[in-house]
Amino acid sequence: MADVLYIVVPCYNEEAVLPETARRLREKLERLMAAGKIGEKSRVLFVNDGSRDATWDLITALHRECSLFSGVDLSRNRGHQNALLAGLMTARERCDMAISMDADLQDDIDAVDAMVEEYYAGCDIVYGVRSARKKDSFFKRVTAEGFYRLMNALGAETVFNHADYRLMSRRALEGLAEFREVNLFLRGIVPMIGYRTATVEYERGARFAGESKYPLKKMISFALEGITSLSVKPIRMITALGFLVFFISIAMLLYSVVRWAMGETILGWASLVCSVWAIGGLILLSLGVIGEYIGKIYLESKARPRFLIREVLEDGDEKTA
């Protein structure tokens, strides 16, 4: 008997693209079921992340029309990573494997077939990796690839050119449930789970409709979240910088003493002002980085729930959580 697959799709204001996304995913599930690759209880699980438009109404209508569609409605907007986690944690009790993907149809749905094959070959985690970034602008391509290199350089293990398009077995989902941090960065957490992994390459397409939910400001915030959630290297770099500035100050002190002993007067006003400004800037920068980590400790210590579910739509019924 074939294993059950859940496709988890976080949604935030996706009313423009959702009907087409649902149509394509339904066709994919039906073909896989007909081929005997997945079980008849396989589903598409849409997660409504506090959308302001008619996204949840569309999910409800899809669920009523076809049993292949399920839904989770979060109590409020919690962000993409928390919405994705909510869907995966809901799916892990109902499936043997789960594939996460975005609703904008940029991820190649046909890559699902290859992911399922890798799962049956014994892989617990299968990463969808972009084969190329030809359709990205020069700025987008350079910044995105630079992000992955920076993350790995700072000690955060990530898969190059992989976003959140991946397959996870139930065992991998159970492992993910053991990670309790509030500051979520799933691209860095999933590789920590371990188990056997594989990659499937695909070409990412253009967004079918609607607007991107990750403008530049959000992308920068997301990158900082990932770096500070997974690595302490920035703090260690501050320590190294502190030692460097200290040794430079000692060298400058010795230089000043020698010049004084030689009877030469040093005006030094400009160099003194520059030094004060430079050191002051470094101190503020250091305090900012350290404060970022302290802020994360503060949030983690509160142990607030990462998401709250208002409603779950399951086979033929509606259940309120």
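Q: Which residue's side chain meets that of K28 in a salt bridge?
A: This is a predicted model, where local features need pLDDT of at least 70, side-chain atom pairs count only at pLDDT 80 or more, and totals for chains, interfaces and linings use all residues. Residues are numbered from 1 along each chain as its sequence is written; side-chain values use heavy atoms, and hydrogens and water are left out. A salt bridge here is a side-chain nitrogen of Lys or Arg within 4 Å of a carboxyl oxygen of Asp or Glu. At 2.6 Å, N to O, the partner of K28 is D113.

Q: How many residues apart in sequence are the parts that K28 and D113 tie together?
A: Helices (H or I, at least four residues) and strands (E, at least two) are DSSP runs, numbered from the N terminus. K28 lies in helix α1, whereas D113 lies in helix α4 (residues 111-120). The pair therefore ties together parts whose separation in sequence is 85 residues.

Q: Is K28 buried or exposed?
A: Buried means under 20% relative accessible area, exposed over 50%, and partly exposed in between (1.4 Å probe, protein chains only). D113 has 21% and is partly exposed. K28 has 3% relative accessibility, so it counts as buried.

Q: Which residue does R23 meet in a salt bridge?
A: Look inside helix α1 (residues 18-34), 3 residues away from R23, about one turn of the helix. R23 is partly exposed at 41% relative accessibility, while its partner is buried at 17%. The contact is 2.5 Å, N to O, and the partner is E20.

Q: How many residues apart are R26 and E30 in helix α1?
A: Their side chains meet in a salt bridge at 3.1 Å, N to O. R26 is partly exposed at 36% relative accessibility, and so is E30 at 37%. About one helical turn separates the two, a spacing of 4 residues.

Q: Which residues are linked with E20 and R23 in a network of salt bridges?
A: E20 and R23 bridge each other directly. The network of salt bridges joins this pair to R24 and E27.

Q: How many salt bridges does the rule count?
A: The K28 to D113 contact is one of them. R26 to E30 is another. By this rule the count comes to 12.

Q: Which strand does β2 run parallel to?
A: Two strands pair if DSSP finds at least two bridges between them. Strand β2 covers residues 43-48, and 5 bridges join it to its parallel partner. V47 stands opposite V72, which lies in that partner. The strand is β3.

Q: What is the handedness of the β-α-β crossover from β2 to β3?
A: The chain leaves β2, passes through helix α2 (residues 55-65) and enters β3. With the strands pointing away from the viewer, a clockwise path from the first strand over the helix to the second is called right-handed. By that test, this crossover is right-handed.

Q: Which strand pairs with β3 in the antiparallel sense?
A: The two are joined over 4 bridges. L74 of β3 stands opposite I309 of the partner. That partner, residues 309-314, is β8.

Q: Which residues point the other way from F69, G71 and D73 in β3?
A: In a regular strand the side chains alternate between the two faces of the sheet. In β3 (residues 69-74), 6 of 6 residues are buried. Opposite the F69, G71 and D73 side lie S70, V72 and L74.

Q: How many aromatic pairs does the structure hold?
A: Rings of Phe, Tyr and Trp (its six-membered ring) pair if their centres lie within 6.5 Å; planes under 30 degrees apart count as stacked, over 60 as edge-to-face and the rest as tilted. The total is 3.

Q: At what angle do the ring planes of F46 and F69 lie?
A: F46 is in strand β2 and F69 in strand β3, 23 residues apart. Both are buried. Their centres are 5.9 Å apart, and the pair is stacked because the plane angle is 25 degrees.

Q: How many residues of helix α3 are buried?
A: Helix α3 (residues 80-91) reaches 16 Å from its first C-alpha to its last. Its buried residues include H80, L84 and M89. Of its 12 residues, the buried number is 12.

Note on methods:
Expected span 1.5 Å × (residues − 1).
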